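Reader: Could you walk me through this protein, one question at a time?

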Amino acid sequence: MRNMVRLLCGFYLLALTTASANQFSSDVPLIQPEQMSRQFWQTKLTAGDKVLLTAEQIAARNKQTFALQSEMQSLASLPQTLSKAELLSVIANVSPVPSSARFYADGREVSQQQWQQYRALLAIDKVQLQNPLQFALVVKRTALRAFPTEDKVFNSEANLDLDRFAETALFPTDAVAILHYSADNRWALVQSFNYTGWVKTNDIATGSKEQVLGYARRQPFLVVTGATVRTAYTPNWPDISELQLEMGLRLALMDAADTGFSVHGQNPLASYIVSLPVRSEEGSLAFVPALIPRSADVSLGYLPFTANNILQQAFKFLGERYGWGHDYNGRDCTGFISEIFRSFGFVMPRNSGQQGKGAYGDNIRFDQSSNAQEKLSAIQKARVGDLFYFPGHVSLYLGMQDNQPFMIHDVNTLIYPLENGQLYRGTLNGVVVTPMLPLNANTEQSYLDALYAIKSLR
């Protein structure tokens, strides 16, 4: 296998020498510009528009996922209160002081005094014997963080793209349970269906449990199918004006019979009217109509789950900047995968390890005894849209080209061996198409060596 990789990289170096003639150059081995087009991969499909699972089957798959994955939690089944011991356990799991050093962007190590200040923000002294839960809807894209602070910290590798306080993001209309507040009340400790962390209090609006959880059941509904979509400019209501909405969001639809023929001063004839949550001055939940142009990339209901649509959705993120924990107004590898499949109605665990090691879906597992040929054989049988899992990473399988498996993924690093035995270390830092075999998952392992699972949601 190492000889194969070096041969591939030799081919790549030859390609670089002729790049000027082709007006295309890249430091990614074997890549060609046509491979950056979804149509290139779609033309290879057979029965690409065949529905792989119906809406009812996807709902059954989601039920299976919740049953099998302990990190997935139905908010409807949460208790009314958490005991002191239960809430303290949650806080300890969300906001532990790491065992290894953390650093600020200027290179200063986070001191014990600063860790004490972060710990003080957790307001552990405010935890009661019984702690009632509240429910809320997210009203704008918001960061979910390990500590209730906007401070960024990094590990000893000092990669400033990887803020170790960043966990994920929540989007408008996402439902959460509020477990606790920070010492300054500027942050709320919230639990979503697949993650728990701290969000800014001003980015959520509290309502009754039925108000909050009932939103996702409202019919009919619109689904955001673009990478992002924005509401129409609304001069008299800034909270819903040009609001960014992410792929896969489900939005309750309204009709002009409900709103009249002027919505915030605009006739809704050329728009969809959606009901969006907003936060009052005191923090309570209300719903207001907002307009999304009919020209926007949206769908009435979830998209049909087909191979063509999987590729279509994946390539809408092509070139987006990588964002660890959904930082940089983007997403990371698992966010990329989750939002693609959310377009079809799937829900998934948040982290790649939870996804890859999870029992939901159809899984092929590899361990230390699995050899390269076993993995290559499984890859050759994989179907477009299957998911490849590596330690800390996930990619989506595109298909074969010249006997090489290709994948699209949201990835930070670019590492591969050169003919002289050295490692090439570059940067991808975005959603890209790459071959699998020539590249390394890390400095120690090729992607093939690191591959531990292939998951299909079909």
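Author: Happily; what follows is a short set of questions and answers about this predicted model.

Reader: Let's start inside. In the largest nonpolar core, which residues touch the most other members?

Author: That core has 61 residues. Strand β20 (residues 404-417) gives the largest share of this core, with 6 residues. As for touching the most other members, the two to look at are Phe341 and Phe388.

Reader: How many residues are in the second, separate core?

Author: This one includes Val212, Leu222, Leu249 and Val274. The second core is separate, and its residues number 51.

Reader: Back to Phe388. Leaving aside its neighbours within four places in sequence, which residues is Phe388 in contact with?

Author: Setting those sequence neighbours aside, Phe388 is in contact with Ile379, Ala382, His393, Val394 and Ser395. The list also includes Tyr397, Met407, Met436, Leu451, Ala453 and Ile454.

Reader: I'm curious about helix α9. How many of its residues are buried?

Author: Helix α9 spans residues 307-315 and is mostly covered. Among the buried residues are Ala307, Ile310, Leu311 and Phe315, and also Asn308, Asn309 and Gln313. Of the 9 residues in α9, the number buried is 8.

Reader: And what covers the buried residues of α9?

Author: The cover includes the helices α3 (38-42) and α10 (333-342). It also includes the strands β19 (393-401), β20 and β21 (423-435).

Reader: Now a polar residue in a loop: why does Gln69 count as buried?

Author: Gln69 sits in the loop between α4 (55-68) and β1 (81-83). Buried means under 20% relative accessible area. Gln69 therefore counts as buried, with a relative accessibility of 6%.

Reader: Which residue's backbone oxygen does the side chain of Gln69 reach?

Author: Apart from neighbours within four places in sequence, Gln69 is in contact with Pro349, Gln354, Gly358, Ala359 and Tyr360. At 3.4 Å, its side chain reaches the backbone oxygen of Gln354.

Reader: One last element, strand β3. Why is it largely enclosed by the rest of the structure?

Author: Strand β3 covers residues 134-138. It is largely enclosed because the number of its 5 residues that are buried is 4.

Reader: What are the bridge partners of Leu137 in β6 and in β9?

Author: β3 runs antiparallel to β6 (residues 175-181), joined by 4 bridges. With β9 (residues 204-207), β3 also pairs in the antiparallel sense, over 4 bridges. For Leu137, the partner in β6 is Ala175, and the partner in β9 is Ala205.

Key
Residues numbered from 1 in each chain as written. Predicted model: local features only at pLDDT ≥ 70, side-chain atom pairs only at ≥ 80, totals over all residues. Heavy atoms only, no water. Core = buried A, V, L, I, M, F, W, Y, C linked by side-chain atoms within 4.5 Å. Buried < 20%, exposed > 50% of the residue type's maximum accessible area, 1.4 Å probe, protein only. Helix = DSSP H or I, 4+ residues; strand = E, 2+ residues; numbered from the N terminus. Contact = heavy atoms within 4.5 Å. Polar contact = N/O pair within 3.5 Å; in protein donor to acceptor, adjacent residues only side chain to side chain. Pairing = 2+ DSSP bridges.
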